[in-house]
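Here is a friendly walk through one protein chain, from its annotated regions and sheets to its open and enclosed spaces. Keep the viewer open as you read.

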Amino acid sequence: MSVDPQQLLRELFATAIDAAHPQQVLEAHLPTDRSGRVIVIGAGKAAAAMAQVVERCWQGEVSGLVVTRYGHGAPCEKIEVLEAAHPVPDAAGLAVAKRVLELVSDLSEDDRVIFLLSGGGSALLALPAAGITLADKQSINKALLKSGATIGEMNCVRKHLSAIKGGRLAKACWPATVYTYAISDVPGDLATVIASGPTVADPSTSAQALAILQRYAIEVPATVRNWLQSAESETVKPGDPSLARSHFQLIARPQQSLEAAAVKARQAGFSPLILGDLEGESREVAKVHAGIARQVVLHGQPLAAPCVILSGGETTVTVRGNGRGGRNAEFLLSLTDSLKGLPGVYALAGDTDGIDGSEDNAGAIMTPDSYARAAAMGLSASDELDNNNGYGYFAALDALIVTEPTRTNVNDFRAILILESPEHDA
């Protein structure tokens with residue numbers, strides 16, 4: 001088989017991103033009647049690209065405002081595009097959230113609102129509840145990001161500290177008709193979890209949010225604790241009449257991207273195994289992937305080489321050291337440490353939004369000689385893992401993947417390519 005493993009891995013990653021790009025997936029889901037006035041609002045890493053599609057397709061009057069992460073903007077003529085901080089919210093996100101609520105206040109039942117939602121929207125649309133400061137939300141968010149909490153747990157807390165999430169945005173739009181078009185970046189594609197569900201009912205409770213903070217030993221000010229213990233902190237629940245005219249449509253999800261990559265792999269002669277959306281500590285998830293790869297190489301199970309193992313989802317990193325790196329660099333460093341140069345195994349791990357955590361890379365690539373090359377430079381994979389320094393490790397190997405912002409987000413993409421061994425070629 002004549003194939004460049006690293007080039008194929010990059011092509012699989014690009015295919016996964018393209019399958020979830022707004023330019024490919026949004027237009028078909030827009031209302032068939034595209035005449036008349038529409039107010040467009042949005043939040044997330046794909047918000048600007050989604051706004052471009054609406055501007056291109058809508059035949060009536062279009063106006064509105066969307067917010068995306070710094071560097072993820074795109075030029076629009078009728079919809080204002082602003083940028084704010086992610087993953088920790090800043091004052092710009094707070095200002096945008098206030099303006100969004102002003103835009104949708106005092107609407108009538110004849111009005112239509114399109115809400116463009118994607119991963120990152122929770123931090124980008126930051127409007128603390130009454131009595132809670134932005135500094136409170138920032139410190140709690142930072143603590144959650146370092147704690148190892150899942151995205152669902154983090155968003156449960158965020159919703160109950162917010163004046164706009166957990167269905168509150170849809171309630172503010174009432175009695176207008178709201179169409180939410182969402183790109184999922186969460187395992188299970190739950191509407192309540194994607195960007196903390198601003199336009200859908202939320203079954204979680206303030207008591208659960210408090211329990212999550214307690215579980216991860218996150219200290220909070222008395223004002224926050226008192227708020228979460230009050231009835232006002234509850235989100236909009238299922239059956240609330242203010243949600244009767246709110247419609248939610250998922251337009252892209254991680255599974256679509258994994259399936260598109262699987263098709264690309266088959267075309268290249270590799271049998272794909274899709275493991276699906278995964279959660280857990282990045283380093284532990286990597287050990288499971290390493291075990292599967294080793295079983296393929298040694299025993300041809302659960303499938304024979306040449307093959308590719310594909311997975312997505314959102315892992316977590318409990319920060320212990322002072323190194324640089326996001327979830328994907330951490331995963332790949334742990335995989336490298338586990339496989340220790342197992343012949344014929346190549347891997348890529350990257351974030352489909354183009355940014356791994358808060359770094360400037362999307363991810364990295366591991367080759368069979370990565371472990372030995374790094375060791376020759378005096379770099380120990382296990383020591384670097386202890387320091388959470390996946391970025392530094394793969395930067396030294398010149399193996400970082402830099403894509404720039406992709407303007408979509410279906411979360412992490414991982415591909416482990418296993419070549420057929422020479423004895424099988426004979």
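## Two annotated regions

Over residues 9-229 the chain is 41% helix and 15% strand, and the C-alpha atoms at the two ends are 49 Å apart. This stretch carries a UniProt label, "domain: MOFRL-associated", taken from an unreviewed entry. Please keep in mind throughout that the model is predicted.

A second UniProt feature, "domain: MOFRL", also comes from an unreviewed entry and is placed at residues 307-412. Here the chain is 31% helix and 20% strand, with 20 Å between the end C-alpha atoms.

## The parallel sheet

How are the strands of the parallel sheet ordered? Six strands form an open sheet that reads β3-β2-β1-β4-β5-β6, and their pairing is parallel. The edges are taken by β3 (79-84) and β6 (246-252), each of which pairs on one side only. From one strand to the next, the twist averages 15°.

For a closer look at one pair, try β1 (residues 38-43) and β2 (residues 62-69), which run in the parallel sense and share six bridges. Within this pair, V38 stands opposite V62 in β2.

## The mixed sheet

Another open sheet has six strands in the order β7-β8-β12-β9-β10-β11, and its pairing is mixed. Why is one side of β7 (271-278) and of β11 (400-401) left without a neighbour in the sheet? Both stand at the edges with a single partner strand each, so one side of each has no neighbour there. As general background, strands of a sheet pair through backbone hydrogen bonds, either parallel or antiparallel.

The partner of β7 is easy to trace: β7 and β8 (residues 307-313) pair in the parallel sense over seven bridges. One position to pick out is L278, whose bridge partner in β8 is G313.

## Backbone details in the loops

The loop between α12 (282-299) and β8 holds P302, and the peptide bond from Q301 to P302 is cis, with omega near 0°. P306 is found in the loop between α12 and β8 as well. The bond leading from A305 to P306 is likewise cis, with omega near 0°.

Elsewhere, A217 sits in the loop between α9 (206-215) and α10 (222-228). A217 is not a glycine, yet its phi is positive, at about 55°.

## The largest pocket

If you are looking for open space, the largest pocket has a volume of about 840 Å³. Its lining is made of 45 residues, and P87, L145, R327, G357 and S358 lie nearest the centre. The elements that give two or more residues to this lining are α5 (121-124), α6 (134-147) and α7 (151-160).

Which domains contribute to the lining of the largest pocket? Domain 1 (5-16 + 255-418) and domain 2 (22-253) each supply at least three residues. Sorted by class, the lining of the largest pocket has 15 nonpolar, 19 polar and 11 charged residues.

## Two enclosed cavities

How many cavities of 30 Å³ or more are there? The count comes to two. The largest cavity has a volume of about 80 Å³ and is lined by 13 residues, with P89, K137, N141, R158 and L161 nearest its centre. The elements α5, α6 and α7 each give two or more residues to the lining of the largest cavity, and α6 gives the most, with four. By class, the lining of the largest cavity has eight nonpolar, two polar and three charged residues.

The second largest cavity has a volume of about 40 Å³. Its lining consists of A16, P254, S257, L258, G312, T352, V410, N411, D412 and F413. Two or more of these residues come from each of α11 (254-267) and β12 (412-418), with α11 giving the most, at three residues. The lining of the second largest cavity divides into five nonpolar residues, four polar and one charged.

Notes
Residues numbered from 1 in each chain as written. Predicted model: local features only at pLDDT ≥ 70, side-chain atom pairs only at ≥ 80, totals over all residues. Heavy atoms only, no water. 1 Å grid on protein atoms, 1.4 Å probe; cavity = no way out; pocket = protein on both sides within 12 Å on 5 of 7 lines; lining within 4 Å. Points joined across faces, edges and corners; volume = space filled by probe spheres on them. Nonpolar A, V, L, I, M, F, W, Y, C, P; charged D, E, K, R; others polar. Domains from an automatic or database assignment. UniProt positions renumbered as here; feature names shortened; annotations may be inferred. Pairing = 2+ DSSP bridges. Axes fitted to C-alpha atoms, helices over the stretch in contact; angles between N-to-C directions.
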